[in-house]
Structure formats: structure tokens, C-alpha cells
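Me: Please take one part of this model and look at it closely for me. I'd like to hear what is packed around it, which charges pair up there, and how the rest of the chain fits in.

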Amino acid sequence: MKKRIAVVGAAIIENQKLLAAKRSEGRSLGGYWEFPGGKINEGETPEAALQREVFEEFGANATIFEK
């Protein structure tokens with residue numbers, strides 16, 4: 001049986017532009033584009049995980065509007 005991992009991701013849209021980040025070449029799937037997000041830590045809500053991930057990846061504070 002495969003292990004399930006809960007993750008979150010964000011579609012950040014401003015002025016009809018969608019934010020995506022390019023993965024570093026030295027990482028898994030390097031060079032591919034991705035949306036901000038990541039794993040949900042134990043005891044963390046999906047919203048809190050997404051706020052944390054956006055801050056870790058971009059240094060920005062996020063307000064979660066919709067699930």
C-alpha cells in the first residue's frame with residue numbers, strides 16, 4: 001500500500017497573471033514550473049500550511065481566500 005501525503009497548493013492570480021515558480025536545476029524535477037505549496041505538517045490546517053509555504057518560498061505573507 002502506498003503512503004498518502006497531504007499537500008496544499010496555491011493559484012495566485014493578479015492582474016490576469018498567474019504566479020508559478022521554476023524549480024532549481026539541481027532538485028528533483030529541476031527546470032519544471034510549479035505552483036507554490038507543499039506538505040501539510042502534522043497538526044497544521046491546510047490554510048496554515050499554505051501560508052507557511054508561501055512565506056518559505058517567496059518571503060511573502062498570504063491571505064487564503066478560497067479552498
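Reply: Right after helix H1, Gly 59 adopts a positive phi of about 70°. H1 itself runs over residues 46-58 (helices are DSSP H or I runs of at least four residues, strands are E runs of at least two, both numbered from the N terminus). Bear in mind that this is a predicted model, with local features needing pLDDT of at least 70 and side-chain atom pairs pLDDT 80 or more, while totals for chains, interfaces and linings use all residues. Numbering starts from 1 along each chain as its sequence is written, and side-chain values use heavy atoms, leaving out hydrogens and water.

Staying with H1, the helix has 13 residues and spans 18 Å from first C-alpha to last, close to the 18 Å expected at 1.5 Å a residue (the expected span is 1.5 Å times one less than the number of residues). The chain reaches this helix at the end of a run of strands: the order from the N terminus is β-β-β-β-β-β-α, for a total of 1 helix and 6 strands.

Now for what H1 hides. Its buried residues are Ala 49, Leu 50, Arg 52, Glu 53 and Val 54 (buried is under 20% relative accessible area, exposed over 50%, partly exposed in between, with a 1.4 Å probe and protein chains only). Among the elements that cover them are strand E1 (7-9) and strand E6 (37-39).

Glu 53 is the one I'd zoom in on. This residue sits in H1, and it counts as buried because its relative accessibility is 9%. Beyond residues up to four places away in sequence, Glu 53 touches Gly 37, Gly 38 and Lys 39 (contact is heavy atoms within 4.5 Å). Its side chain also makes a polar contact with the side chain of Arg 52 at 3.1 Å (N or O atoms within 3.5 Å, one able to donate a hydrogen and the other to accept it within protein; residues adjacent in sequence count only if both atoms are side-chain atoms).

That pair is a salt bridge too, with the closest N and O atoms of Arg 52 and Glu 53 being 3.1 Å apart (a side-chain nitrogen of Lys or Arg within 4 Å of a carboxyl oxygen of Asp or Glu). Arg 52 has another acidic partner: its side chain meets that of Glu 44 in a salt bridge at 2.8 Å, N to O. Follow the shared partners and you get one network of Glu 44, Arg 52, Glu 53 and Glu 56.

At the end of H1, Phe 58 is partly exposed, because its relative accessibility is 35%. Phe 58 joins Ile 12 and Leu 19 in a nonpolar surface patch, and together the three have about 210 Å² of accessible area. Patch residues have over 30% relative accessible area and no salt bridge, with like charges joined within 9 Å and nonpolar side chains (Val, Leu, Ile, Met, Phe, Trp, Tyr) within 5 Å. Areas are Shrake-Rupley values with a 1.4 Å probe, and for residues only the protein chains shown count as cover.

Back to strand E6 for a moment: the segment before E1 holds Ala 6, and Ala 6 is in contact with Gly 38, Lys 39 and Ile 40, leaving aside neighbours within four places in sequence. Ala 6 counts as partly exposed because its relative accessibility is 45%. Its C-alpha lies 25 Å from that of Glu 25, which is 19 residues away along the chain.

Away from the helix, the structure's 4 salt bridges include Arg 23 with Glu 34, at 2.9 Å from N to O. Those two link distant parts of the chain, 11 residues apart: Arg 23 lies in the loop between strand E4 (21-22) and strand E5 (33-34), Glu 34 in E5. Arg 23 is buried because its relative accessible area is 16%, whereas Glu 34, at 25%, counts as partly exposed. The side chain of Arg 23 also reaches the backbone oxygen of Ser 28 at 2.8 Å. Leaving out residues up to four places away, Arg 23 touches Ser 28, Leu 29, Gly 30, Gly 31, Tyr 32 and Glu 34.

Zooming out, 19% of the 67 residues count as buried. The accessible surface comes to about 5,900 Å², with 52% of it belonging to carbon and sulfur atoms. Of the contacts with a separation of 6 or more, 34% are between residues 24 or more positions apart. Along the principal axes, the C-alpha atoms fill a box of roughly 40 × 30 × 20 Å.
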